[in-house]
Amino acid sequence: MASKNADKRYTKDHEWVTLDGDIATVGITDHAQEQLGELVFIELPALERVIAASEACAVVESVKAASDVYAPLAGKIVETNDTIVEDPSIVNSDAEGEGWFFRMELDNTDDFEALMDQDAYDEFLESL
Amino acid sequence: MIENALPDDPTPTPLKTTPLDAWHRRLGARMVPFAGYAMPVQYDLTGELATRCKGGVMAEHLHTRTAAGLFDVSHMGQAKLLGATAAAALERLVPGDILGLKPGRQRYTLLTNEAGGIKDDLMVANLGNETLFLVVNASRKDDDFTHIAATLPAAVTLEPQEERALLALQGPEAAAVLSGLAPEAAQLRFMAVAALTIAGIPCLVSRSGYTGEDGYEISVPATDAEALADALIAHPAVVPAGLGARDSLRLEAGLCLYGNDIDELTTPVEAGLTWVIGKRRKMEWDFPGGLAVRDQLDNGPHRKRVGIRPEGRAPARAQTDIVATDGTAAGTITSGGFGPSLNAPIAMGYVRKDLATDGTPLHVIVRGKPLPAVVAPLPFVPHRYAT
């Protein structure tokens with residue numbers, strides 16, 4: 001179980017993060033997409049935007065409601081997944097793979113390790 | 001990001017439950033607080049039901065448009081108004097022609113206040129035998145019943161029906177489904193009401209609903225609600241559907257949600273509901289706020305309820321500001337979301353009279369940005385009621 005997503009970290013706001021060098025890939029967790037239901041609209045941050053940790057920087061909307069997506073760490077947006085803007089259902093079908101939201105260049109990669117690992121996130125979900 | 005996935009509900013706990021509470025949970029409902037009740041917002045369907053519809057707001061919505069959805073609306077207030085002069089007594093509170101409502105017929109009407117504002121919208125049925133049957137909104141029922149009871153003459157009594165559940169079977173297959181259990185259901189015309197025995201259970205059935213589709217609302221003793229719900233979903237065309245789909249269906253159908261689209265500060269003229277004022281009532285205007293409503297009808301309202309279609313994919317939710325193309329304030333959205341049948345965002349709101357014509361370009365301010373939108377005719381999805 002510990003090896004399942006050993007390189008992935010999670011936030012209490014239900015974002016996931018993977019790290020490649022100083023580039024972090026960010027999305028929402030499978031739990032999040034399931035709670036939100038079918039997504040009908042996604043707004044992603046502009047390229048080059050500099051964002052603080054925990055800053056709202058993307059929006060997901062289901063039939064019923066809009067929700068913010070927060071930056072898990074501080075940094076600069078370097079790439080966005082525009083295919084999920086065209087087809088938000090990709091996030092419902094593959095939230096933690098093809099349904100990634102954006103990539104950011106981190107200010108400090110050490111912060112990555114401070115986020116929850118899979119076991120901690122699973123424990124957090126059970127506490128909800 | 002989950003915390004704000006549903007609108008905050010200021011309702012204090014503990015929540016009341018409907019007679020179908022355990023039934024919903026067994027079927028995989030996600031329960032949310034609504035008007036003081038724990039209500040199913042959507043279902044995660046399993047087993048045989050999942051082969052009909054996977055569940056979720058979008059799927060339940062689309063299934064209701066193509067087959068049939070079963071909604072629990074037991075949170076709504078049901079009451080009998082009894083007495084030889086019940087209709088005359090109710091006319092003191094509503095603009096509708098209640099004296100002219102024939103036995104076996106139902107009518108949509110409004111409780112108005114002295115300023116012509118809307119205290120609630122409701123259904124009134126004439127059951128014959130000096131009995132009217134009222135269905136009012138959950139969030140308003142306590143106030144409504146107090147308000148009605150306070151004005152009644154001694155010979156008329158209001159009897160809230162707290163031991164009854166209310167189910168809505170909606171969709172193009174609804175008539176076939178219900179007729180299979182009670183053949184008389186097929187004969188009911190739109191807005192007709194009758195006492196029918198369904199699967200051995202005595203029910204009060206009206207051919208009406210809140211989705212724009214053909215369908216029925218079925219009042220049933222609380223103790224029989226589960227048996228009735230089971231009998232209805234036994235038909236392969238039917239799936240349970242939650243409040244989420246109910247809201248998107250009624251918005252596509254251009255129907256008002258009390259508290260959003262109409263309230264004490266909106267009038268029937270502004271809301272485009274003057275058709276509820278009975279022809280005879282327009283001679284006397286003798287309902288609460290009648291003269292104010294007549295005055296507004298004569299001089300034109302300052303604002304009107306309209307349909308709005310935002311361009312693009314971003315929904316514009318309730319409370320969104322609307323501005324004219326010249327940048328001046330135009331109004332506010334009162335209901336907005338995504339229309340699954342249209343695969344596009346849709347909204348209703350109030351705009352200045354000069355901007356209320358279909359096709360008028362506007363902007364809606366979503367997350368600080370003006371997005372182009374256009375005034376559109378209501379309903380967004382044509383009604384398909386029985387004749």
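Me: Before counting anything in chain A, what counts as a helix or a strand here?
Reply: Helices are DSSP runs of H or I with at least four residues, and strands are runs of E with at least two. The model itself is predicted.

Me: On that basis, how many helices and strands are there in chain A?
Reply: Chain A has five helices and nine strands. Along the sequence they follow the pattern β-β-β-α-β-β-β-β-β-α-α-β-α-α.

Me: And how compact is chain A?
Reply: Its radius of gyration is 14 Å, close to the 14 Å that the globule rule gives for 128 residues, so chain A is as compact as a globular protein of that length. Taken along the principal axes, the C-alpha atoms of chain A fill a box of roughly 35 × 35 × 20 Å.

Me: What share of chain A is buried?
Reply: Of its 128 residues, 41% count as buried. As for contacts between residues at least 6 apart in the sequence of chain A, 61% join residues at least 24 apart.

Me: Which strands make up the open sheet of three strands in chain A?
Reply: The order is β4-β6-β7 of chain A, and the pairing is antiparallel. The edge strands are β4 and β7 of chain A, each of which pairs on one side only. From one strand to the next, the twist averages 25 degrees.

Me: How many bridges join β4(A) to β6(A)?
Reply: Four bridges join these antiparallel strands. As one example, Leu39(A) has Ser62(A) in β6(A) as its bridge partner.

Me: Changing topic: how many residues of chain A are in contact with chain B?
Reply: There are 21 residues of chain A in contact with 20 residues of chain B. On the chain A side, α1 (30-36), β4 (39-43), β6 (56-62) and β7 (66-70) each supply at least two residues. The largest share, five residues, comes from β7(A).

Me: What is the chemical make-up of that side of chain A?
Reply: The residues of chain A that touch chain B divide into eleven nonpolar, five polar and five charged.

Me: Now chain B. Which domains does the assignment give?
Reply: The domain assignment gives domain 1 (1-301) and domain 2 (303-387) of chain B. The centres of these two domains of chain B, taken over C-alpha atoms, are separated by 25 Å.

Me: How many residues are in contact between the two domains of chain B?
Reply: In chain B, 25 residues of domain 1 are in contact with 25 residues of domain 2. On the domain 1 side, α3 (57-66) and α8 (243-252) of chain B each supply at least two residues. The largest share of that side, four residues, comes from α3(B). By class, the domain 1 side has ten nonpolar, seven polar and eight charged residues.

Me: Some backbone details, then. Which peptide bond is cis?
Reply: The bond from Leu378(B) to Pro379(B) is cis, with omega near -5 degrees. Pro379(B) is found in the segment after β20 (369-376) of chain B.

Me: What is the phi of Glu48(A), and where does this residue lie?
Reply: Glu48(A) has a positive phi of about 75 degrees although it is not a glycine. Glu48(A) lies in the loop between β4 and β5 (50-51) of chain A.

Me: Why does Glu48(A) count as exposed?
Reply: Glu48(A) counts as exposed because it has 8 C-beta neighbours inside 10 Å, and the cut-off for exposed is 12 or fewer.

Me: And what about Glu130(B)?
Reply: Phi of Glu130(B) is near 60 degrees, again a positive value in a residue other than glycine. Glu130(B) lies in the loop between β7 (118-128) and β8 (131-136) of chain B. With 15 C-beta neighbours inside 10 Å, Glu130(B) counts as partly exposed.

Notes:
Residues are numbered from 1 along each chain as its sequence is written. Chains are lettered from A and ligands numbered from 1 in the order in which they are written. This is a predicted model: local features need pLDDT of at least 70, side-chain atom pairs count only at pLDDT 80 or more; totals for chains, interfaces and linings use all residues. Two residues are in contact if their C-beta atoms, placed from the backbone, lie within 7 Å. Ala, Val, Leu, Ile, Met, Phe, Trp, Tyr, Cys and Pro count as nonpolar, Asp, Glu, Lys and Arg as charged, and the others, Gly among them, as polar. A residue is buried if 20 or more other C-beta atoms lie within 10 Å of its own, exposed if 12 or fewer, and partly exposed in between; C-beta atoms are placed from the backbone. The radius of gyration is taken over C-alpha atoms; the globule rule is 2.2 Å times the number of residues to the power 0.38. Two strands pair if DSSP finds at least two bridges between them. Axes are lines fitted to C-alpha atoms, for helices over the stretch in contact, and angles run from 0 to 180 degrees between N-to-C directions. Domain bounds come from an automatic or database domain assignment.
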